[in-house]
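User: Please take a close look at one part of this model, the helix that comes at its start, and then at the charged pairs found in the structure. I am a first-year student, so explain each step plainly.

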Amino acid sequence: MKFALDEQQRDFAASIDAALGAADLPAAVRAWSAGDVAAGRKVWEQLANLGVTALAVPEKFDGLEADPVDLVVALERLGRWCVPGPVAESIAVAPVLLADDQRSAGLASGELIATVALPPQVPRAVDADTAGLVLLAGDHGVSEAEPGAEHESVDPSRRLFEVTAAGAAWQADVRRAYEFGALATAAQLVGAAEALRDAAVDYAKQRTQFGRIIGSYQAIKHKLADVHIAIELARPLVYGAALSLQPRDVSAAKAAASEAGLLAARSALQTHGAIGFTQEHDLSLLLLRVQALRSAWGTPEAHRRRVLEAL
């Protein structure tokens with residue numbers, strides 16, 4: 001099925017691309033990895049000005065209460081530009097968990113960045129040391145939490161922390177929050193895969209081997225075409241899941257987006273050669289982000305198992 005965005009949604013995506021394209025995201029991601037979040041917070045301020053942080057927040061808290069499809073449109077672009085921070089957690093999940101909490105107004109304005117742990121699927125919280133609000137959700141409900149031990153991530157810009165509950169719990173739609181988290185992560189993976197594909201195509205037009213531009217070789221053309229097909233197969237599943245928010249559809253989208261991201265990462269690395277994985281090359285930031293997002297909010301294997309159980 002072909003999903004077509006309306007003009008307003010296309011303009012929204014273009015405005016995000018314009019803002020993030022001028023923001024020097026690679027420098028912000030590297031600084032975030034080193035513990036300096038100042039540049040990254042400026043990026044989040046831009047997102048707030050565009051209304052991205054308010055998309056899932058109810059109108060009574062100055063949010064947009066937008067359709068989940070609009071949320072996917074935005075998060076796909078954020079994935080493409082490799083925005084640092086707890087993107088899925090703060091923009092998509094926290095508004096569901098806070099529900100009627102006044103703190104949702106802080107999420108909408110961008111003044112508050114939240115992160116979430118939801119064991120067992122999401123055992124650790126991303127960037128819990130710098131987030132203004134840390135939430136722990138589960139069968140018991142939702143409570144504020146405090147960060148504990150830090151764990152290494154394959155992506156240095158995504159610091160992972162154990163968290164412990166701190167305070168009384170309240171009730172929220174935790175299952176719906178999980179679907180939003182998985183959907184938001186799938187959308188980011190599609191955007192990252194698109195960025196990797198475009199980077200590989202551009203480099204294939206420049207790199208020479210045996211006296212020829214490597215993009216002229218049929219093997220390279222076929223490999224990049226396979227990536228394009230994988231992205232175009234995953235994207236409608238993501239948008240379809242945004243329309244239904246059914247667990248089976250969300251899991252199918254997350255699994256397909258994960259595989260598209262992995263294929264795009266492998267193809268981009270093979271096209272660039274070893275230089276693509278050096279810390280100095282911006283491609284490495286996307287390669288690591290894809291690897292981290294594939295297992296975030298459920299591994300591909302877990303989501304395929306959930307689809308199978310739903311059939």
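Analyst: What follows deals with helix H1 and then with salt bridges.

The model is predicted. Helix H1 runs over residues 7-21 and has 15 residues. From its first C-alpha to its last it reaches 21 Å, close to the 21 Å expected at 1.5 Å a residue. At the start of H1, aspartate 6 places a side-chain oxygen within 3.2 Å of the backbone nitrogen of glutamine 8.

Next comes the question of which residues of H1 are buried. They are Gln9, Phe12, Ala13, Ile16, Ala19 and Leu20. These residues lie on the same side of H1, because they cover an arc of only 130° around the axis. The spacing along the sequence helps to explain such a pattern: an α-helix has 3.6 residues a turn, so residues three or four places apart point the same way. On the other side of H1, Glu7 and Ala18 are exposed. The cover over the buried residues of H1 includes helix H2 (25-33), helix H3 (38-50) and helix H4 (68-80).

Now the charged pairs. Searching the whole structure gives 21 salt bridges. One of them joins lysine 60 to aspartate 100, with the closest N and O atoms 2.8 Å apart. Lysine 60 sits in the loop between H3 and H4, while aspartate 100 sits in the loop between helix H5 (87-98) and helix H6 (104-109), so this pair ties together parts that are 40 residues apart in sequence. Are these two residues buried or exposed? Both lysine 60 and aspartate 100 are exposed.

Another salt bridge brings together the side chains of aspartate 101 and arginine 103, at 2.8 Å from N to O. Aspartate 101 has a relative accessible area of 21%, so it is partly exposed. Arginine 103 is also partly exposed, with 24% relative accessibility.

A further pair is arginine 197 and aspartate 198, whose side chains meet in a salt bridge of 3.0 Å, N to O. Arginine 197 has 13% relative accessibility and therefore counts as buried, as the cut-off for buried is under 20%. Aspartate 198, at 23%, counts as partly exposed. Salt bridges that share partners link this pair into one network with others, including Asp17, Glu76, Arg77, Arg80, Glu194, Glu232 and Arg235.

Technical notes:
Residues are numbered from 1 along each chain as its sequence is written. This is a predicted model: local features need pLDDT of at least 70, side-chain atom pairs count only at pLDDT 80 or more; totals for chains, interfaces and linings use all residues. Side-chain values use heavy atoms; hydrogens and water are left out. Helices (H or I, at least four residues) and strands (E, at least two) are DSSP runs, numbered from the N terminus. The expected span of a helix is 1.5 Å times one less than its number of residues. Buried means under 20% relative accessible area, exposed over 50%, partly exposed in between (1.4 Å probe, protein chains only). The arc is that of the directions from the helix axis to the C-beta atoms. Contact means heavy atoms within 4.5 Å. A polar contact is a pair of N or O atoms within 3.5 Å; within protein, one must be able to donate a hydrogen and the other to accept it, and residues adjacent in sequence count only if both atoms are side-chain atoms. A salt bridge is a side-chain nitrogen of Lys or Arg within 4 Å of a carboxyl oxygen of Asp or Glu.
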